Amino acid sequence: KANSVGFIGLGQMGFKMAQNLYNKADSSLIIYDINKSATQDFISMNKTSATDATLKSIDIAESPVDIVRRASVVITMLPSSAHVEEVYLGKDGLVHGADKESLLIDSSTIHQSVSKEVAHKLTGKGATMVDAPVSGGTVGAEAATLTFMVGASSESDFHRAKPILSHMGKNIVHCGTVGTGQIAKMCNNMLLAISMIGVSEAMNLGIQLGMDPKLLASILNTSSGRCWSSDTYNPCPGVMPNVPSSRDYEGGFGNTLMAKDLRLAVSAASDARVTILLGAVAQQLYNQLANTAEYAKKDFSSIYKWLIKSGGK
Ligand code: NAD
């Protein structure tokens, strides 16, 4: 058990994170996903590339509780609060097998109150839980350069999680007690949505007025409008290779997930009576994309395509 790590949720992010964990950690991996083709693909991919003679293995678990009984560390990377509640507290949830040896790390972006509730239930079993949402996108997940924002109730909990997270990320930051990782992540994603809309508007306006897209992007990227949405993840097709905009917005960070993160921000701001004008507008825009079949599963930079369709020459 001590030499196994569990990973639940092998989606856009989790698949790549689990791959780095498997490649870099001296541990066997036990994986689980309700989508059976995700775990099968992971196994097949590693069978074809396995050239080493280490004793590491990969197993598919039957349920979350099966994983926690076999691995002392379990990482979860799930879409939203409801999925985390199901995997941790549901019928076959992690809580039913966790004990004082268990360290549970949830890297999903969810409501901070759910992180706290789940951690509270696990602490009752003697287990340790931290929230560790990430930033860096699928590119960062693949390159193991993610930023982990960790909410841990003590320094020692943080230092227990840090070496495992270091296999998948570059910056591992202790934000405060359980739930604070989610606060940092929510603020980051609200800003990201606003900057993505801003870059999309600027690129679209410049191009409609006659600028060359690559030239305009290169000027923005050496000027005061530069930001991650312009220089690392440009939403205009053809400006950058290997980003979702260059493959019709496939893969990456879905509009449904961005809409979810903005709902978290708007709800937290409303509870705290904090004004977030642009965050609220961004939420309305991403709700529209998430509710439109053509856009729901596309990357959040497809706001650029939506803007073009909504007006221009
Ligand atoms: P995804 O939808 O691609 O992957 C989620 C995976 O969880 C899927 O494989 C799904 O089958 C699995 N799953 C769902 N319910 C399950 C259950 N009950 N038991 C087991 N597995 C279950 O999502 P993603 O893009 O990988 O994002 C995961 C989390 O990371 C989200 O909270 C998201 O907001 C956050 N995030 C995503 C990105 C990104 O660029 N995609 C970046 C930073 C953070």
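Two exercises with worked solutions follow, on a helix pair and on the ligand shell.

The structure is a predicted model, in which local features need pLDDT of at least 70, side-chain atom pairs count only at pLDDT 80 or more, and totals for chains, interfaces and linings use all residues. Residues are numbered from 1 along each chain as its sequence is written.

**Exercise 1.** Describe how helix H8 (residues 180-208) and helix H9 (residues 213-220) pack.

Solution. Helices are DSSP runs of H or I with at least four residues, numbered from the N terminus, as are strands (E, at least two). The axes of H8 and H9 are 10 Å apart and make an angle of about 135°, where axes are lines fitted to C-alpha atoms, for helices over the stretch in contact, and angles run from 0 to 180 degrees between N-to-C directions. H8 and H9 are therefore oblique to each other, since angles under 35 degrees count as roughly parallel, over 145 as roughly antiparallel, 65 to 115 as roughly perpendicular and the rest as oblique.

**Exercise 2.** Which elements supply the shell around the ligand, and where does the ligand lie relative to domain 1 and domain 2?

Solution. Begin with the residues: 28 surround the ligand, and the closest are Gly 9, Gly 11, Gln 12, Met 13 and Phe 253, a residue being near if its C-beta atom, placed from the backbone, lies within 6 Å. Next, H4 (81-89), E7 (134-135), H6 (137-143) and H11 (255-272) each supply at least two residues of the shell, with the largest share, three residues, coming from H4. Finally, domain 1 (4-178) and domain 2 (184-309) both give residues to the shell, so the ligand lies between them; the domain bounds come from an automatic or database domain assignment.
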